[in-house]
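The following exercises concern a single protein chain. Each task is followed by a solution that proceeds step by step.

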Amino acid sequence: TAESLAQYSALTTTVVTLFILRVVKSMDFQSHLGILSRTLAVSFADLAHFFFVWFVVMMAYATAGVQLFGHAFGPVSTVTSAIVFLYYQTVALDPTTFYDQFEHAAPYWVFQLWLWSFLFVVWLILFNILVSILIDGYVQVKDQMGQSRNLFDEVTDHLKHAYCSYMAPKGSFLSDSQVMECLLAQKDGMPSTMQLRSVLFSSIDSSLSVNLRGGVEIDEQAMASLVTEPPVIHHANREQFLDFSIPGVVQHDGARRPSNASVASAVSAAPSGNAVETEEIAHSAEEQRFKIRDLMQRYGDEEVDEDDREEE
């Protein structure tokens with residue numbers, strides 16, 4: 001029937017439209033082909049705010065048009081039809097389709113005020129703002145692309161590669177598949193990316209430390225344990241919350257460095273005059289870390305006198 005054919009045509013049109021949008025989105029594999037979808041993605045937030053303002057303004061003018069001209073002009077008899085009519089006039093302004101009807105349907109000065117304010121706000125300002133948003137998104141995408149290769153250069157490279165793969169003398173050309181096989185063969189047995197990253201960060205780590213008498217060295221983590229108030233304030237339970245995180249036995253200036261337990265006892269047994277006076281513990285982690293770094297920088301380079309070392 002005619003109704004079934006109309007429904008089938010509408011469904012087919014919807015499917016074709018969605019397919020075209022999917023094809024446009026799939027073009028992101030190439031920077032120049034995907035410039036449309038990337039421009040819309042970059043400008044999405046600004047477009048969302050713009051269309052909200054645009055809808056509010058169109059609703060206001062559509063409602064006013066229904067009140068002023070709806071009784072004499074069919075296309076603006078309802079708010080929905082008035083919005084559609086105003087959208088068409090925004091895209092392709094044609095005063096001959098409504099001017100005479102509007103002029104006789106409302107007072108002349110009201111009609112002129114409604115018409116010219118609509119043209120100034122919607123057609124002149126909002127429409128140009130929309131164009132500016134899209135241009136700004138396009139410029140951002142172009143800056144991100146930089147000097148990327150276009151589609152014709154990539155097609156030319158593929159054709160040259162295919163020609164050299166079949167026509168070049170054996171041993172004078174190495175195809176992409178052969179390069180990939182060599183790289184995969186070399187990859188076996190090599191450390192992973194995470195391992196290389198860990199080694200790199202550990203090699204460039206510039207940690208500070210404080211040298212106490214007796215060859216005791218307190219690093220940044222141990223200083224954090226010292227200046228941070230433990231969960232239990234009672235003095236008898238304080239030592240179990242001090243975690244110095246210092247290696248058990250290491251060499252320092254030719255002497256053996258004490259373990260964690262000896263470090264804790266050495267710090268607790270040190271004279272009060274040599275103890276580091278700390279300020280009030282900051283509530284935020286950033287302030288606490290700043291205090292620790294300041295203490296490490298002030299006392300980290302302090303050398304231990306030979307007399308004091310012999311006395312120890």
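**Exercise 1.** In this predicted model, determine which exposed residues lie on the face of helix α4 turned away from its buried side.

*Solution.* Step 1: α4 comprises residues 79-91. Step 2: exposure requires a relative accessible area over 50%. Step 3: the exposed residues on the face of α4 turned away from its buried side are T80, Y88 and V91.

**Exercise 2.** Identify the buried residues of α4, state how they are arranged around the axis, and name elements that cover them.

*Solution.* Step 1: burial requires a relative accessible area under 20%; in α4, A82, I83, F85, L86, Q89 and T90 are buried. Step 2: these residues lie on the same side of α4, because the arc they cover around the axis is only 165°. Step 3: the cover over them includes α3 (44-69), α5 (99-105) and α6 (108-145).

**Exercise 3.** Compare the span of α4 with its expected value.

*Solution.* Step 1: α4 has 13 residues, for which 18 Å is expected at 1.5 Å a residue. Step 2: from first to last C-alpha the helix reaches 19 Å, close to that expectation.

**Exercise 4.** Establish where confidence in the chain is highest and where it is lowest.

*Solution.* Step 1: the chain averages a pLDDT of 75, and 68% of the residues score at least 70. Step 2: confidence is highest in α3, at a mean of 94, and lowest in strand β3 (residues 251-252), at 42. Step 3: the pLDDT is below 50 over residues 232-283, a stretch with 68 contacts in the model beyond near neighbours in sequence. Step 4: where pLDDT is low, predicted coordinates should not be read in detail.

Notes:
Residues are numbered from 1 along each chain as its sequence is written. This is a predicted model: local features need pLDDT of at least 70, side-chain atom pairs count only at pLDDT 80 or more; totals for chains, interfaces and linings use all residues. Side-chain values use heavy atoms; hydrogens and water are left out. Helices (H or I, at least four residues) and strands (E, at least two) are DSSP runs, numbered from the N terminus. The expected span of a helix is 1.5 Å times one less than its number of residues. Buried means under 20% relative accessible area, exposed over 50%, partly exposed in between (1.4 Å probe, protein chains only). The arc is that of the directions from the helix axis to the C-beta atoms. Contact means heavy atoms within 4.5 Å. pLDDT is the predictor's confidence in each residue, from 0 to 100.
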